[in-house]
Amino acid sequence: MSQPDTKQRILDAAEELFARNGFYATSLRQITQLAEVNLAAVNYHFGSKEELLEAVILRHLGPLNDKRRQGLEHELQLAQQEERRPRPRQIMNALVEPTLQLRAPGSDHLAFVTLVGRLLADTQGVGHEIFVRQMVPMLMQFYQALVEALPEVDPSLLYWRLHFTVGSLSHMMRCHDRHGVVPPGIDPEIEIEALINMLLDFTVAGMEVVP
């Protein structure tokens, strides 16, 4: 098997260190040492530490958002073919399922999951701004689909309910390996498919309520 190229080694090292130590506590020198490259290579491929962070985020978030959009588009096309409204559960599944699959056992995205948790917790950080900038256009597509699926619900309520759903997903990303207080008799370990269905039950029920 060939060794990863220089750009790949830099991305791998940066992701590992950003996830472990955070963006601000990680220096370019640490990244170059782990990647076994010189500083000029980082500057050549990425230009700056901030641009390197964005590249780390996008190599996971780009394909993830593609999967989300594909799932959403599939349901919208099916609804059109069958001459019906889109189904809220299928809409939300397109958002939830690809996200939670990142933390499935054996996933090679676990460092990214940890990194996302750090970025979302630091609401004033550069990483949070990058993440939000990439997410907003995609989330607007889901909002519009929900408005089409649930015309009987006030659009402002759908906006806030989608906001709550994203908050739930963010919590799962931040706390994927920490369960806090667990009542006696409750097993916090759960299969990923069951977790996806539980979150869908919770969010879709909230979406569909008409006050």
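This report covers salt bridges and one pocket in a predicted model.

**Salt bridges**

Side chains of opposite charge can pair when their charged atoms come close. In this model the count comes to ten salt bridges. Three of them are listed here, with the distance between the closest N and O atoms.

| Acidic residue | Basic residue | N to O distance |
|---|---|---|
| Glu15 | Arg59 | 2.9 Å |
| Glu82 | Arg84 | 2.6 Å |
| Glu152 | Arg85 | 3.1 Å |

The side chains of Glu15 and Arg59 form a salt bridge at 2.9 Å, N to O. Glu15 sits in helix H1 (residues 6-21) and Arg59 in helix H4 (residues 49-81), so this salt bridge ties together parts of the chain that are 44 residues apart in sequence. Glu15 has a relative accessible area of 6% and is therefore buried, since the limit for that class is under 20%. Arg59, at 24% relative accessibility, counts as partly exposed.

A salt bridge also connects Glu152 with Arg85, with 3.1 Å between the closest N and O atoms. The pair links distant parts of the chain, 67 residues apart. Glu152 lies in the loop between helix H7 (126-149) and helix H8 (155-174), while Arg85 lies in the loop between H4 and helix H5 (88-100). Both ends are partly exposed: Glu152 has a relative accessible area of 39%, and Arg85 has 45% relative accessibility.

Salt bridges with shared partners join Glu75, Glu82, Arg84 and Arg87 into one network. Within this network, the closest N and O atoms of Glu82 and Arg84 are 2.6 Å apart. Glu82 is partly exposed at a relative accessible area of 45%, and Arg84 is partly exposed at 24%.

**The second largest pocket**

Rolling a probe the size of a water molecule over the atoms shows where empty space is left. The second largest pocket of the model has a volume of about 530 Å³. It is lined by 25 residues, and those closest to its centre are Met135, Leu139, His163, Val166 and Ser170.

Several helices contribute to this lining. H4, H5, helix H6 (110-121), H7 and H8 each supply at least two residues of the lining of the second largest pocket. Sorted by class, the lining holds 19 nonpolar residues, five polar residues and one charged residue.

Note on methods: Residues numbered from 1 in each chain as written. Predicted model: local features only at pLDDT ≥ 70, side-chain atom pairs only at ≥ 80, totals over all residues. Heavy atoms only, no water. Salt bridge = Lys/Arg side-chain N within 4 Å of Asp/Glu carboxyl O. Helix = DSSP H or I, 4+ residues; strand = E, 2+ residues; numbered from the N terminus. Buried < 20%, exposed > 50% of the residue type's maximum accessible area, 1.4 Å probe, protein only. 1 Å grid on protein atoms, 1.4 Å probe; cavity = no way out; pocket = protein on both sides within 12 Å on 5 of 7 lines; lining within 4 Å. Points joined across faces, edges and corners; volume = space filled by probe spheres on them. Nonpolar A, V, L, I, M, F, W, Y, C, P; charged D, E, K, R; others polar.
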